[in-house]
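Subject: A structure for you to look through

Dear colleague,

I am handing over a structure that I would like you to read alongside the notes below. Please keep it open while you go through them.

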Amino acid sequence: MERSDIRPAKRLDRTPRVFVTRHLMPNVEDRMGELFDVRLNPKDVPLEREQLIEAMQDCDVLVPTVTDLIDADMIASAGEDLGLIANFGAGTEHIDLNAAADRHIIVSNTPGVFTDDTADLTMAGIIGVPRRIREGVELIRSGKWTGWTPTALLGTKLAGKVLGIVGMGRIGQAVAHRARAFGLEIVYHNRKRLPEAVERMFHARWVESLDELMGKADILTLHCPAGPNTHHMIDARRIDLMKNGASLINTARGDLVDQDALIAALESGKLAGAGLDVYPDEPNVDRRLIRHPNVMTLPHIGSATREGREESGLKVIANIRMWADGHRPPDQVLTGLG
């Protein structure tokens, strides 16, 4: 059951004390400084656990990011004044939502801001891996390119191939919209089937079983939240169901994929390549992925546009202001509470 009334609406009788864990866009930080009693992380590096706990004991609002693990013990030790965790970003798997609810702490996020940005980067992988873009770049940079030949760096054309989308939410749909322009056939798996009108709009076909989707896709792209139900959802068994020579694109969360199983499939030739923007142990990236000639390894930049980061920061400000005025934040997170 969802808990929408975590804290009774009550206007804060002072300027909110806000702690921001990472550097945000300069204009966002400037605006926060005008509106709130704000404290910023002087170094743009993830804070240690004890530093986060100290901050949570002396603020009204915490503004974390995906790099900040906020667990139940930390929330239990937070100060009495902490009433809002205004997350910068849509994902909230790094925050224990139930523990926050138990302490009557509201959690908000910034949904929908990075949809187009992440979909654009996903398309870079969908195009770049089958066309062996990384290998081409490396060939030029190494000085080993000897000129055009009819059989050099042969990739796979996109038109007519099957794009399997796992998770057909905002980002999955934005990817489908883009992929249609390249002539890809869209097949998707989602917890719930989309309305028929939406399927027609994207020319998308639903399959109920993820296993079935694995066997149909020439390119598989993941757009699911992280959590117990999705951890290693792409494991050795499911990779074995994929077509020989297929590609995998992951711009969602690193722990959706069993990384060792993925590497084994790449090294054996079962998979032709992968496009990865996320990893299970960031910022550490397995050297086997870096060495593979047809793995595009990107440093978690799916949301890294000036426009997206600025809009996300402004959403954080709006959530804080609404909460401080005694209203429910427009982006209050409810799912998962109970």
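A residue is called buried when its relative accessible area is under 20%, exposed when it is over 50%, and partly exposed in between, with a 1.4 Å probe and protein chains only. By that rule Thr221, whose relative accessible area is 0%, is buried.

This is a predicted model, in which local features need pLDDT of at least 70 and side-chain atom pairs count only at pLDDT 80 or more, while totals for chains, interfaces and linings use all residues. Residues are numbered from 1 along each chain as its sequence is written, and side-chain values use heavy atoms, with hydrogens and water left out.

Thr221 belongs to strand 9, residues 219-222, where helices (H or I, at least four residues) and strands (E, at least two) are DSSP runs numbered from the N terminus. If neighbours within four places in sequence are set aside, Thr221 is in contact (heavy atoms within 4.5 Å) with Thr122, Leu163, Gly164, Ile165, Val166, Val175 and Ile249.

Strand 9 is part of an open sheet of seven strands, in the order 8-7-6-9-10-11-12 and with parallel pairing; two strands pair if DSSP finds at least two bridges between them. The edges of this sheet are strand 8 (204-206) and strand 12 (295-297), each of which pairs on one side only, and the twist averages 20 degrees from one strand to the next. Such angles run from 0 to 180 degrees between N-to-C directions, the axes being lines fitted to C-alpha atoms, for helices over the stretch in contact. Strand 7 (residues 185-189) runs parallel to strand 8 and is joined to it by three bridges, and Tyr188 has Trp206 in strand 8 as its bridge partner. Across strand 11 (271-276) and strand 12 lies helix 11 (residues 259-268), which runs at about 135 degrees to strand 11.

A further open sheet has five strands in the order 2-1-3-4-5, again with parallel pairing. Its edge strands, each pairing on one side only, are strand 2 (37-40) and strand 5 (106-108).

How many disulfides does a search of the whole structure find? The search finds zero, a disulfide being a pair of cysteine sulfur atoms within 2.5 Å. Cys59 is buried at 1% relative accessibility, and Cys224 is buried at 13%.

Lastly, Pro26 in helix 1 (residues 26-35) is exposed, with a relative accessible area of 55%.

With best wishes
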